[in-house]
Amino acid sequence: MRTIRIGAGQGFYGDTLLPAIETAERGGIQYLCFDSLAELTLAILQKDRQKDSTRGYAADISQTMRKLLPYVKEKGVKLLTNAGGMNPIGAGQEVIRIARELGLEGLKVAIVTGDDVLDQLDRWRRQGIPLTHQEDGRSFELVSDKILFANAYLGSEPIVTALRQEADVVITGRTTDSALFLAPLIYEFNWRPDDWDRLGQGILMGHLMECSGQASGGNFSGDWASIEDMDRIGFPIAEMREDGEFVLTKTEGTGGLVSVDTVKEQLLYEIHDPSAYLTPDVVLDLQQVNLTNIGSNRVLLKGARGTKRPDDLKVVMGYADGWLGQAICGYSWPDALAKAQAADRIIRRQIERIGLQAAKVQTDYLGYNSLHGPLATEPAQELNEVYLRLAVRTDSKEEAAKLGRLFPPLMLNGPPSMGGFLGLMKPRELLGMWSCLVPREVIESNVKVTVSEVRL
């Protein structure tokens, strides 16, 4: 039975490129897929685009393509990425520029657009599409005048279209993470749009691959200390059969671990309802998935089921949500935590005294409760050092900036042994996130695929 090999190239914007290079060079793959986008990433890219309209895509695409485009020509590997972010056209132009520099004449670069729906929101509302919050039903009117960006989660269809037009590189904006990995399967195996169980297996594979090293021993909560050579971790590779069954593995000789346990952790990642994991391509049922170790760093997966895809697509929006002001300083033994708590009380009283208008004041003690929050227990012994982080959310940049100026006087006018003051930190604009469902036909009718051939 025919089999293809697909590699995971990236799990987030800023991920290491070294495993992707090794996978392209020695992994025997036909496709390498890069997931650059989280909802937080969209907010980062939006800020980039606000500063420079030519930006808005993942900046590391330049290094990625410079290192990996030669493998497209040498080995026939196709590169699929959603690093286009807020500006897939700009990302495509950058890839073409690099391809010309490398002398890769004839390379075909596809750009998928249509996920950016900001200019359609008013029309949708006039058509009666409510745009109410997906989780709590809040009215869109609460944020309608503060929206900065709006992007729909597209599925695999436009990527498949690009592959059918013989694209070597496909650049998208906001797609689902798993769609990047499903598209090659539909293209190569000619799976039908309603072959739900095979599509379900494809989405399962994509879900396991989308976070790069997280399925091959990274971020593993089991016996993590026994995993070897994490400094040269291998990203996962899927050997996918035409019937949908697949083996998850990695490039031979790399570090990390692909086992039933490491794969299970990624399997459950961000899954709300294992019987109905919603994607634009299929609704995935994970309840009967079977995982079997069949060799060193080889796990066989089968049993996923699929049902009809949803009628709606998710749209995520970002809106202006105030400003963050924060300051950080440290205190040493003895009484490190008590000193930091005393400093917090001093600053909070001064916040009231100067009339700093904050919608929220947040205190964390790094080394004690900054990760566990209210679940943190009192330390059994005195801590060597504790850092106080105090943050405020305000309506204006000027108000947020007032917080930092309260901290330097603590050096001489507060508890003893203050150190590690990080200086006056600039206020940062906050973006709130808004998710809603929109009928897929009003989004997909505006999706376009453009393929350009590199000319020197």
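**Cavity, pocket and core organisation of the predicted model**

The largest cavity holds about 40 Å³ of space. In this predicted model, a search of the whole structure returned one cavity of 30 Å³ or more. The lining of the largest cavity is made up of Q10, F34, S36, D60, I61, T64, M65, T81 and A83. Helix α3, residues 61-75, is the largest contributor to that lining and supplies three residues. Sorted by class, the lining of the largest cavity comprises four nonpolar, four polar and one charged residues.

Open space was examined next. The largest pocket contains about 1000 Å³ of space. It is lined by 31 residues, of which Y153, E270, Y277, L278 and K314 are the closest to its centre. Two or more lining residues come from each of β9 (277-278), β14 (312-332) and β18 (428-439). Strand β14 provides the largest share of the lining, three residues. The lining of the largest pocket divides by class into 13 nonpolar, eight polar and ten charged residues.

A UniProt record, an unreviewed entry, lists residues 4-448 as "domain: Acyclic terpene utilisation N-terminal". Across residues 4-448, helix accounts for 30% of the chain and strand for 25%. The C-alpha atoms at the two ends of this stretch are 27 Å apart.

In soluble globular proteins, nonpolar side chains tend to be buried together. The largest nonpolar core of the model has 69 residues, and the members that touch the most others are W124, L204, L248, L301, V315 and M317. Helix α7, residues 179-189, gives the most to this core, with seven residues. Another core, of 30 residues, lies apart from the largest one and includes L79, V95, A99 and V169. Beyond its neighbours within four places in sequence, W124 of the largest core is in contact with V117, I129, L131, V315, V438, V442 and I443.

One of these partners of W124, L131, is placed in the loop between α5 (121-126) and β5 (147-152). The phi angle of L131 is near 60°, a positive value in a residue other than glycine. L131 is classed as buried because its relative accessibility is 1%, under the 20% limit.

A positive phi was also found at E166, where the angle is near 65°. E166 follows just after α6 and is located in the loop between α6 and β6. Within helix α6, residues 157-164, the buried positions are P158, I159, V160, A162 and L163. The elements that cover these buried residues include β2 (31-34), β3 (78-81), β4 (108-113), β6 (169-171), α7 and β19 (448-453).

The peptide bond that joins W333 and P334 is cis, with omega at about 0°. P334 is in the loop between β14 and α10. Helix α10 spans residues 336-354 and contains R345. R345 has a relative accessible area of 44% and is therefore partly exposed, a class that runs between 20% and 50%. R345 and E228 are 117 residues apart along the chain, and their C-alpha atoms are separated by 46 Å.

Two serines in loops were also examined. S417 lies between α12 (410-413) and β17 (418-419). The C-alpha atoms of S417 and Y331 are 5.6 Å apart in space, although the two residues are 86 residues apart in sequence. With neighbours within four places in sequence set aside, the contacts of S417 are G330, Y331, S332 and K339. The relative accessible area of S417 is 38%, so S417 is partly exposed.

S259 occupies the loop between β8 (246-250) and α9 (260-267). Residues up to four places away in sequence not being counted, S259 touches N293 and V299. S259 counts as buried because its relative accessibility is 14%, under the 20% limit.

Technical notes
Residues are numbered from 1 along each chain as its sequence is written. This is a predicted model: local features need pLDDT of at least 70, side-chain atom pairs count only at pLDDT 80 or more; totals for chains, interfaces and linings use all residues. Side-chain values use heavy atoms; hydrogens and water are left out. A nonpolar core is a set of buried Ala, Val, Leu, Ile, Met, Phe, Trp, Tyr and Cys residues joined through side-chain atoms within 4.5 Å. Buried means under 20% relative accessible area, exposed over 50%, partly exposed in between (1.4 Å probe, protein chains only). Helices (H or I, at least four residues) and strands (E, at least two) are DSSP runs, numbered from the N terminus. Contact means heavy atoms within 4.5 Å. UniProt positions are given in the numbering used here, feature names are shortened, and annotations may be inferred rather than shown by experiment. On a 1 Å grid over the protein atoms alone, a cavity is a set of points where a 1.4 Å probe fits but cannot get out, and a pocket is an open set with protein on both sides within 12 Å along at least five of seven lines; lining residues have an atom within 4 Å of a point. Grid points are joined across faces, edges and corners, and a volume is the space filled by probe spheres set on the points. Ala, Val, Leu, Ile, Met, Phe, Trp, Tyr, Cys and Pro count as nonpolar, Asp, Glu, Lys and Arg as charged, and the others, Gly among them, as polar.
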